[in-house]
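Work through the exercises below with the sequence and the coordinates open. Each task is followed by a solution in steps.

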Amino acid sequence: MLHFEKIEQALLHVNAQSTNEKLIFVHTGHYTPDPLVITTDVQMIGASSGFVIPTKVVIQNRQDTTMSLMEGSAGAYVGFMSILFTPEVNPLPNPTHQAHYAVMVSDEASPVIDRCLIQSSSSVGAALCVKKQNANPKVRHCKIADCENVGVYITDGATGCFEDCEIARNALAGVWVKNQANPFFRRCHIHSGRDVGIFTFEYGMGFFEKCNIHSNRISGIEVKQHANPTVVRSQVHDGLTGGIYVHEKGRGQFMENQIYGNAYAGIWITSHSHPTIRLVQFIDILNKIHDGRHGGIYVHEKGRGLIEENEVYGNLLAGIWVTTGSSPILRKNRIHSGKQQVGVYFYDNGHGLLEENDIFNHLYSGVQIRYNGFESEDYTEQDMGRAEWRSTRV
């Protein structure tokens, strides 16, 4: 076994060897190498005593991306270390740092990044960036936290599998997904952000399963500009503003989630957006939107959406609000036990289709329609205005 003072020297040595095994142990210490560019299947493992090895093996850069995993790094492994990008603090952010990260995965790279602490103190850019088609890392048990901008940024058709990661207390979104990127997140804990938890926009996609998303300053999940994520069996709760916010022609599939305890609406749908909020076919588990400190679902400013087979209950205000030219489809939902208002509230030219819903146990009426300044609780077809009513039990 050879010893090197610098990580760069160790990388040069193992990459020059003909052997198939390229293994580097990075021992306890604080390293400030030149930017590390990995283009082979090298295995880099932090080695120290105790149970919190990543805090004892630290790799840091102040000028450029700390570690880049590029084409050729399929099969590479980076684990058990802290990887930091910490540029000098200036009154004005350096625009070049927008393309500098603690870790960048690009091109045909598909490394494993395991049990690392990844952090950036730059006020622009992100801590972990995955970009370009066929970039497909496996990121497991990592912590991306306390960054001064975005935590994880996935773009330009990249994918990636993120499992059991903690993404927390970042200044902007915990996760950004845009431009046809389609990552997979499973069992991730995304919380306490100073902005949104997950932000999908500009045709971003993504599959989020069994994630715990909570205590973010704005919404837990934001979807806009034709983004179309899928969120399944996740918890979105205790947002300081709202739970899920779909706007500016956003879409999305939301199935079997628990959405509760948010300061405003559990789900907001606005500005020509059209998400699908329903149970998974053949699996009798509903989305549950409950115990919010405002309304359950709020559809406004020409929002649409298919809201089907959900349970909406125990919210402080109306279970579902439909307003300002919006026209969702409300089908086979159970909307009940509102604390202060009605089950479904149409006003300001809100309309839509109510079909086979069960609406009961509200402080006031099950359905209320306000039109031309008049509020109606007499649900004859004439009074329904522009809301179409089919087989709904109130």
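## Exercise 1: a salt bridge between two strands

The side chains of R331 and E355 form a salt bridge, with an N to O distance of 3.1 Å. The model is a predicted one.

Task: place R331 and E355 in the chain, then classify R331 by its accessibility and do likewise for E355.

Solution.

1. R331 belongs to strand β37 (residues 329-331) and E355 to strand β40 (residues 352-355). The two residues are 24 residues apart, and the pair links distant parts of the chain.
2. The cut-off for buried is under 20% relative accessible area, and partly exposed runs from there up to the limit for exposed, over 50%.
3. R331 has a relative accessibility of 21%, so R331 counts as partly exposed.
4. E355 has a relative accessible area of 15%, so E355 is buried.

## Exercise 2: further salt bridges

Task: state how many salt bridges the rule gives, and describe the pair E209 and R233 and the pair R169 and D146.

Solution.

1. The rule counts a side-chain nitrogen of Lys or Arg within 4 Å of a carboxyl oxygen of Asp or Glu. The count comes to 18 salt bridges.
2. In the salt bridge between E209 and R233, the closest N and O atoms are 2.8 Å apart. E209 is in strand β22 (residues 207-209) and R233 is in the loop between β25 (230-232) and β26 (235-237), so this pair ties together parts 24 residues apart in sequence.
3. E209 counts as buried at 11% relative accessibility, whereas R233 counts as partly exposed at 32%.
4. R169 and D146 also form a salt bridge, and their closest N and O atoms are 2.8 Å apart. R169 sits in the loop between β17 (166-168) and β18 (175-178), and D146 in the loop between β14 (143-145) and β15 (150-155), 23 residues apart.
5. R169 is partly exposed with a relative accessible area of 30%, and D146 is partly exposed with 36%.

Which residues do salt bridges with shared partners join into one network? The members are E163, R186, E209, R233 and E256.

## Exercise 3: the faces of a helix

Task: determine which residues of helix α1 are buried and how they are arranged about the axis of α1.

Solution.

1. Helix α1 covers residues 7-16, and its buried residues are I7, A10, L11 and V14.
2. Viewed down the axis of α1, these buried residues fall within an arc of 100 degrees, so they line one face of the helix.
3. The exposed residues L12 and A16 are carried by the face of α1 that is turned away from the buried side.
4. The cover over the buried residues of α1 includes β1, β2 (29-31), β3 (36-38), β4 (43-47) and β5 (57-61).
5. Strand β1 (residues 23-27) contains F25, which counts as partly exposed at 39% relative accessibility. Together with M1 and L23, F25 makes a nonpolar surface patch of about 370 Å².

## Exercise 4: two loop residues

Task: for S219 and A109, decide whether each is buried or exposed, and list the contacts of S219 and of A109.

Solution.

1. S219 is in the loop between β23 (212-214) and β24 (221-224). With a relative accessible area of 3%, S219 is buried.
2. Leaving out residues up to four places away in sequence, S219 touches D195, V196, G197, G242, G243 and Y245. The side chain of S219 also reaches the backbone oxygen of I221, at 3.4 Å.
3. A109 is in the loop between β9 (103-106) and β10 (112-114). Its relative accessible area is 0%, and A109 is buried.
4. Beyond its neighbours within four places in sequence, A109 is in contact with L69, M70, E71, S73, N134, A135, N136 and P137.

## Exercise 5: the chain as a whole

Task: summarise the secondary structure, extent and burial of the protein chain.

Solution.

1. The chain holds 1 helix and 44 strands.
2. Its C-alpha trace spans about 85 × 50 × 35 Å along the principal axes.
3. Of the 394 residues, 56% are buried.
4. Among contacts with a separation of 6 or more, 58% are between residues 24 or more positions apart.
5. The accessible surface is about 16900 Å², and 49% of that belongs to carbon and sulfur atoms.

Notes:
Residues are numbered from 1 along each chain as its sequence is written. This is a predicted model: local features need pLDDT of at least 70, side-chain atom pairs count only at pLDDT 80 or more; totals for chains, interfaces and linings use all residues. Side-chain values use heavy atoms; hydrogens and water are left out. Helices (H or I, at least four residues) and strands (E, at least two) are DSSP runs, numbered from the N terminus. Buried means under 20% relative accessible area, exposed over 50%, partly exposed in between (1.4 Å probe, protein chains only). A polar contact is a pair of N or O atoms within 3.5 Å; within protein, one must be able to donate a hydrogen and the other to accept it, and residues adjacent in sequence count only if both atoms are side-chain atoms. Contact means heavy atoms within 4.5 Å. Patches are made of residues with over 30% relative accessible area and no salt bridge: like charges are joined within 9 Å, nonpolar side chains (Val, Leu, Ile, Met, Phe, Trp, Tyr) within 5 Å. Accessible areas come from the Shrake-Rupley method with a 1.4 Å probe; for residues, only the protein chains shown count as cover. The arc is that of the directions from the helix axis to the C-beta atoms.
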